[in-house]
Amino acid sequence: MGKMRLSEIHDQVWFPGFLRDQTTDALQFILNTGDLYGPIVPQLSAALTETGTVRILDLCSGAGGPWLKLSKALEQEKGLPLHICLTDKYPNAETSKNAKSPVGNKIQFHSVPVDATQIPDELNGFRTIFSSFHHFKPWEARAILQDAVNKQRGIGIFEVAGRSAVTILLTVLMPIGSLVLTPFMRPFRWSRFLWTYIIPVIPFVLWFDGIMSCLRSYSLQELVELTSGLTVHGYEWKIGQESDGLLPIPITYLIGYTIRKSQGTLDVRAC
């Protein structure tokens, strides 16, 4: 699997934590404003229905990912009363602080660092990774998938980043999105204005990391190779792309799960 192994700035240990948080805040706001993950709702809804679970364990969550919008969409479409646990290797301090929000009973933030390659046994639920799977080397990515199979956990991988020309072109425009949308981000922070307009670190990191993400992203064929042989215990894989809405960005998905054999009582505990 001949992938380019490139580094993103916000992954580096030397990158200040407060700037990492503000960068992931900006990325989340842009993705949610554009509802870029909306097209995958039917695929994710079908997987949750098949597995009979309403518990989500989101990995590499950053500032919360697209779950605020997705949870509402899934409830409207299927009436799924989701309970979502957000986790990250570098927990976003602001997300942790606001964990007890009006949706805090449904979306909770796990403040202890969680490495997606070493998930604690006590954290259960259908695993999801948004916009982060390309961070992992092939052997790490396969280990993540193998662990889901071994523990009989459903898993959904979803990526906006891709190597198509249209995706890379729109990624190049990401800094413009941050310049336009920053005044609308809440809570208001002068520091966010400083690092966006005066010293434009955030727009630069969004641009650079966005391009690196596209170049590092897994193709559909590479995802097929990653899942090759991971079919024990009746585990099923679905790989494809979805696109919809105003922005024609193909969303790559990799979904794996074992279809439930009986209608048991659902465990709805979160983190």
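**Helix, sheet and core**

Reader: Which elements are included in what covers the buried residues of helix 5?

Author: The model is predicted. In it, the buried residues of helix 5 are Glu140, Ala141, Ile144, Leu145, Ala148 and Val149. What covers them includes strand 4, strand 5, helix 10, strand 6 and strand 7.

Reader: How far apart are the end C-alpha atoms of helix 5, and what span should its residues give?

Author: Helix 5 covers residues 138-150, which is 13 residues. At 1.5 Å a residue they should span 18 Å. The end C-alpha atoms agree with this, because they lie apart by 18 Å.

Reader: Which strands stand at the edges of the sheet?

Author: The sheet is open, with 7 strands in the order 3-2-1-4-5-7-6 and mixed pairing. An edge strand has a single partner, so one side of it is left without a neighbour in the sheet. That holds for strand 3 and strand 6.

Reader: In what sense do strand 2 and strand 3 pair, and over how many bridges?

Author: Cysteine 85 stands opposite glutamine 108 in strand 3. Strand 2 and strand 3 run in the parallel sense, and their bridges number 3.

Reader: Which residues of strand 5 are buried on one side and which on the other?

Author: Strand 5 is mostly covered, with 5 of its 5 residues buried. In a regular strand, side chains alternate between the two faces of the sheet. Here one side has Ile155, Ile157 and Glu159, and the other has Gly156 and Phe158.

Reader: Is the crossover from strand 4 to strand 5 right-handed or left-handed?

Author: Strand 4 and strand 5 pair in the parallel sense over 4 bridges. Phenylalanine 130 stands opposite phenylalanine 158 in strand 5. The chain passes from strand 4 through helix 5 to strand 5, and this β-α-β crossover is right-handed.

Reader: Which residue in strand 7 stands opposite glycine 156?

Author: Strand 5 and strand 7 pair in the antiparallel sense, over 5 bridges. Opposite glycine 156 stands isoleucine 255.

Reader: At about what angle does helix 10 run to strand 6?

Author: Helix 10 lies across strand 6 and strand 7. Its angle to strand 6 is about 170 degrees.

Reader: Which residues touch the most other members of the largest nonpolar core?

Author: Nonpolar side chains tend to be buried together in soluble globular proteins. The largest nonpolar core here has 28 residues. Those touching the most other members are Tyr37, Ile40, Leu44, Leu48, Trp67, Leu82 and Phe158.

Methods
Residues are numbered from 1 along each chain as its sequence is written. This is a predicted model: local features need pLDDT of at least 70, side-chain atom pairs count only at pLDDT 80 or more; totals for chains, interfaces and linings use all residues. Side-chain values use heavy atoms; hydrogens and water are left out. A nonpolar core is a set of buried Ala, Val, Leu, Ile, Met, Phe, Trp, Tyr and Cys residues joined through side-chain atoms within 4.5 Å. Buried means under 20% relative accessible area, exposed over 50%, partly exposed in between (1.4 Å probe, protein chains only). Helices (H or I, at least four residues) and strands (E, at least two) are DSSP runs, numbered from the N terminus. The expected span of a helix is 1.5 Å times one less than its number of residues. Contact means heavy atoms within 4.5 Å. Two strands pair if DSSP finds at least two bridges between them. Axes are lines fitted to C-alpha atoms, for helices over the stretch in contact, and angles run from 0 to 180 degrees between N-to-C directions. A crossover is right-handed if, with the strands pointing away from the viewer, the path from the first strand over the helix to the second runs clockwise.
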